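Biologist: I would like to learn how to read a helix in a structure, and how to tell its two sides apart. Could you take me through an example?

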Amino acid sequence: MELVTEAVAGRREEARHCAWCGRRLPDSSRIGRPRRYCAQPCRQRAYERRAAVQRGGLPEDAVVLSAGELADLQDRLFQLRCAAEDVATAAADGAARAELRRLADELVHTARGLERLR
């Protein structure tokens with residue numbers, strides 16, 4: 001019984017994210033099925049997407065992005081590449097440890113911004 005309790009407690013400690021927007025879900029000690037969405041609008045958008053996928057004959061795992069969402073994703077990927085190139089250039093030029101640390105932190109921050117797509 002201890003193993004089951006530990007497994008359930010471990011799942012609750014993991015950070016959960018909204019299945020639509022990727023925001024972190026509030027920690028909940030509720031009993032029952034865990035939340036999938038942070039709010040009703042996200043739940044509604046997910047439903048609309050599922051309905052559109054069914055009507056359009058797309059595969060179930062298809063990802064549908066608007067032109068604006070695609071442009072935003074491309075911009076964030078470009079920022080990530082630039083941040084990675086900055087780290088590589090600084091390392092090749094023999095930058096100080098503090099400078100490399102600052103650039104690495106910036107790279108991590110930029111990469112976290114890409115997680116919003118989840």
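Modeller: We shall begin with the whole chain and then turn to one helix. This is a predicted model, in which local features need pLDDT of at least 70, side-chain atom pairs count only at pLDDT 80 or more, and totals for chains, interfaces and linings use all residues. Residues are numbered from 1 along each chain as its sequence is written, and side-chain values use heavy atoms, with hydrogens and water left out.

Biologist: How many helices and strands does the chain have?

Modeller: Helices (H or I, at least four residues) and strands (E, at least two) are DSSP runs, numbered from the N terminus. Here there are 4 helices and 0 strands, and 15% of the 118 residues count as buried, meaning under 20% relative accessible area, whereas exposed means over 50% and partly exposed lies in between (1.4 Å probe, protein chains only).

Biologist: Which residues of α4 are buried?

Modeller: In general, an α-helix has 3.6 residues a turn, so residues three or four places apart point the same way. In α4, the buried residues are Leu-103, Thr-110 and Leu-114. Viewed down the axis of α4, these buried residues fall within an arc of 60° (taken from the directions from the helix axis to the C-beta atoms), so they line one face of the helix.

Biologist: What covers that buried side, and which exposed residues are on the face turned away from it?

Modeller: The cover over the buried residues of α4 includes α3 (67–92), while the face turned away carries the exposed residues Arg-97, Ala-98, Arg-101, His-109 and Arg-112.

Notes:
Contact means heavy atoms within 4.5 Å.
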